[in-house]
Amino acid sequence: MVEDSKLDQAVAALRAGGLVAFPTETVYGLGADASNPVAVRRIFEVKERPATHPLIVHLADAVQLANWAREVPEHARRLARRFWPGPLTVILKRARGVSDVVTGGQDTVAVRVPSHPLALQLLARFGGGVAAPSANRHGRVSATTAEHVRREFGAAVDCVLDGGATQIGIESTIVDCSGGGAALLRPGWITGREIEAALGAPLAAPPPEAPRAPGMLAAHYAPRTPLALAEGERAAELAEEHARRGRRVAVLALSARRPPLEGLEWIAAPRDAAGYAHALYASLRRLDDSGCETIVVEQPPRGPEWAAINDRLARAAAGSSGPDAT
Ligand code: TXA
Ligand code: MG
């Protein structure tokens, strides 16, 4: 339970140009008044995020869309009706006056109405749009608890609303509706199939000159420790091989059996996709903090409900080994 006074404090911080971290149903966001470029710029400083990476504007309800988008095509309205409040972000042509700081200088804007009650209370009381990326340092694992946010940013954030662990655990599905069709830019808990069912039409391929979604860079969502993906029992074998070479290793397992090794950091992940997604980032953070030299993740199944999870894991594996992981 967050008291009224805490919400008042958060709203006052937003109005004063401060930063407020808040829970959404996906991950925690690091928010600022989207109509205040100076405040939004602070998000980029604190996150160490490149200025060209646009932010999502969070709204209390779809009625406010008109303030942010100059055109809302019927297919975007359909998606909003079906999935808002919820873990869906739509990209639309931006309205006049939407700051370049929010959009990274693009002619489009990302908007979403989250479903977490605390996020909705904050947005309703504030009354305007709150620009918020995931509350993690650039390129790193998103925060799914208030504790993660505090550890990552400390006093740089003016107010942290603590809503406990976020329910879904991975970031929203992003659909680009700024062109003729609807294109999936980032897979999320709402699957491509569900989007197509709501549209009554197939998703379009993202155009080659698609609006940049830098969250789609190969190197993203990465722990600091090098991370490798391995199929089934191979995960346990790989852990043994590392251990034999005297390397400290941590494993995020699914079905693999734990080998009898001393000092092995081992997490058995939930076997269902919802449970897995919910626990994923907290597990990666724990393994990352364990002081090991390598993280081995057992490859999850490849069904549609695992698509967003596999997307994030593939990026974490790419990000932890490459020089791009900043
Ligand atoms: O679940 C979520 O979406 C969380 C919560 C806090 O809402 N937010 C989140 O924000 O994941 P962030 O900034 O970590 O990721 C937003 C993604 C980035 O990949 C960004 O490049 C993309 O959205 N994006 C934002 N505006 C865009 C635009 N105008 N065109 C294309 N991509 C855009
Ligand atoms: Mg992010």
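## The largest pocket

Helix H7 gives the largest share of the lining of the largest pocket, three residues. Keep in mind as you look around that this is a predicted model. H7 covers residues 146-153, and together with helix H10 (273-288) it belongs to the helices that each supply at least two residues of this lining. The space inside the largest pocket comes to about 190 Å³.

If you would like to find the pocket on screen, select Arg140, Val141, His148, Arg151, Glu152, Ala222, Pro223, Arg224, Arg285, Asp288 and Asp289, which line it. Sorted by class, seven of the lining residues are charged, three are nonpolar and one is polar. Domain 1 (4-199) and domain 2 (227-318) each contribute at least three residues to the lining.

## The nonpolar cores

Now for the cores. The largest nonpolar core holds 48 residues, and Leu30, Leu79, Leu88, Leu92 and Val111 are the ones with the most contacts inside it. Helix H2, residues 37-47, gives the most to this core, with five residues.

A second core, separate from this one, has 27 residues. Val27, Ile267, Ile309 and Ala316 are among them.

## A closer look at Leu92

Leu92 is one of the residues with the most contacts inside the largest nonpolar core, so which residues does Leu92 touch, leaving aside those up to four places away in sequence? Leu92 touches Leu65, Ala69, Glu71, Val72, Pro73 and Ala76, and also Asp107, Thr108, Val109 and Val111. Cys177 and Ser178 complete the list of residues that Leu92 touches.

Key: Residues numbered from 1 in each chain as written. Chains lettered and ligands numbered in written order. Predicted model: local features only at pLDDT ≥ 70, side-chain atom pairs only at ≥ 80, totals over all residues. Heavy atoms only, no water. 1 Å grid on protein atoms, 1.4 Å probe; cavity = no way out; pocket = protein on both sides within 12 Å on 5 of 7 lines; lining within 4 Å. Points joined across faces, edges and corners; volume = space filled by probe spheres on them. Helix = DSSP H or I, 4+ residues; strand = E, 2+ residues; numbered from the N terminus. Nonpolar A, V, L, I, M, F, W, Y, C, P; charged D, E, K, R; others polar. Domains from an automatic or database assignment. Core = buried A, V, L, I, M, F, W, Y, C linked by side-chain atoms within 4.5 Å. Buried < 20%, exposed > 50% of the residue type's maximum accessible area, 1.4 Å probe, protein only. Contact = heavy atoms within 4.5 Å.
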